[in-house]
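Hi,

Here is the model I promised to pass on. Have a look at it first, and my notes follow underneath.

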2 protein chains.
Amino acid sequence: MALQKTLKALADPIRRDILNTLKPGALSAGEIAAKFSVTDASISRHLSVLKDADLIRDNRKGKFIYYEINVSVLEEALLWITDLKGENENA
Amino acid sequence: MALQKTLKALADPIRRDILNTLKPGALSAGEIAAKFSVTDASISRHLSVLKDADLIRDNRKGKFIYYEINVSVLEEALLWITDLKGENENA
DNA sequence: TTAACATTTAACTTAATTGTTAAATGTATT
DNA sequence: AATACATTTAACAATTAAGTTAAATGTTAA
């Protein structure tokens, strides 16, 4: 189930863009939304998909909710694709 | 565009299953379809999504159309995810 | 407690995806 | 040419996904 959620979450260009945006460090929902041309509500739903996939984590600081990337679940996706490629990491 | 198509194609469990099924070698559409519980027509459309993403290639041999996996486009997906992970392949 | 702000959730619309059945296409065989 | 077989395509129904606006929630500060 984790792999399915991960790949589904990564299959949307806005969500991939959000993840890249968070790579340098955490940002609030508003800061993230400001970078995109869709509504805050739309970004909020994308954030919830990413969070459900455990690709991001949130923590509230006062009025703001900061999101940070969590790369740990990418490992499974990487392994799946690598295995499909049929490559040996020691080759 | 290629990355988007790749990830979208990989975001479906049946399509991932098809790719794994093709890993050992090419199979005809019918042989692939026989392994799944959906109709031939449904598998045929999954095959066309995979083909459009260039994850598989087809070649007809008489009545049969054989599909084989093409892993080359996985490289871009792998690079994207690896870069997001922030890892250096020499680290 | 009221007001203001940040964010999410609800309700709704539209578009895309997946599955089904039935018709169409391509190839081989008689 | 006619039939049979493998596969795809078309047409349709059901589900899921993504966007919008408006209402709701949580937090801070007056």
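How do the residues of the surface near DNA strand C divide into nonpolar, polar and charged? They split into eight nonpolar, seven polar and seven charged. In that count Ala, Val, Leu, Ile, Met, Phe, Trp, Tyr, Cys and Pro are nonpolar, Asp, Glu, Lys and Arg are charged, and the others, Gly among them, are polar.

Some housekeeping before the rest. This is a predicted model, where local features need pLDDT of at least 70 and side-chain atom pairs count only at pLDDT 80 or more, while totals for chains, interfaces and linings use all residues. Residues are numbered from 1 along each chain as its sequence is written, chains are lettered from A and ligands numbered from 1 in the order in which they are written, and side-chain values use heavy atoms, with hydrogens and water left out.

Strand C

DNA strand C is surrounded by 22 residues, and G30(A), Y67(A), K8(B), R45(B) and H46(B) are the closest (near means that a heavy atom of the residue lies within 4 Å of the strand). Of the strand C atoms that come within 4 Å of the protein, 71% are sugar and phosphate. As for polar contacts (pairs of N or O atoms within 3.5 Å; within protein, one must be able to donate a hydrogen and the other to accept it, and residues adjacent in sequence count only if both atoms are side-chain atoms), the backbone of G30(A) puts an N or O atom 2.5 Å from a phosphate oxygen. A polar backbone atom of A29(A) is 3.2 Å from a phosphate oxygen of this strand. R45(B) goes for a base instead: an N or O atom of its side chain is 2.4 Å from a base nitrogen. The largest share of this surface, four residues, is from α4(B) (helices are DSSP runs of H or I with at least four residues, strands are runs of E with at least two, both numbered from the N terminus).

Strand D

Around DNA strand D there are also 22 residues, with R45(A), H46(A), G30(B), S44(B) and Y67(B) coming nearest. Here α4(A) gives the most, with four residues. A polar side-chain atom of R45(A) sits 2.2 Å from a base nitrogen. Phosphate oxygens of strand D are approached by side chains too: H46(A) at 2.6 Å and R15(A) at 3.3 Å.

Inside the protein

The largest nonpolar core has 50 residues, and I32(A), L55(A), I32(B) and L55(B) have the most contacts inside it (a core is a set of buried Ala, Val, Leu, Ile, Met, Phe, Trp, Tyr and Cys residues joined through side-chain atoms within 4.5 Å; buried is under 20% relative accessible area, exposed over 50%, partly exposed in between, with a 1.4 Å probe and protein chains only). Leaving out residues up to four places away in sequence, L55(A) touches, among others, L10(A), L19(A), L50(A) and V73(A) (contact is heavy atoms within 4.5 Å).

In α1(A), the buried residues include L3(A), L7(A) and L10(A). The buried residues of this helix pack against α2, α4 and α5 of chain A, together with α1, α2 and α5 of chain B.

Two buried residues caught my eye. K85(A), in helix α5, counts as buried because its relative accessibility is 14%, and its contacts beyond four places in sequence are V71(B), L74(B), E75(B) and L78(B). H46(B), in α4 of chain B, is buried at 12% and touches D12(B), I14(B), R15(B) and I18(B), again without the residues up to four places away.

Cheers
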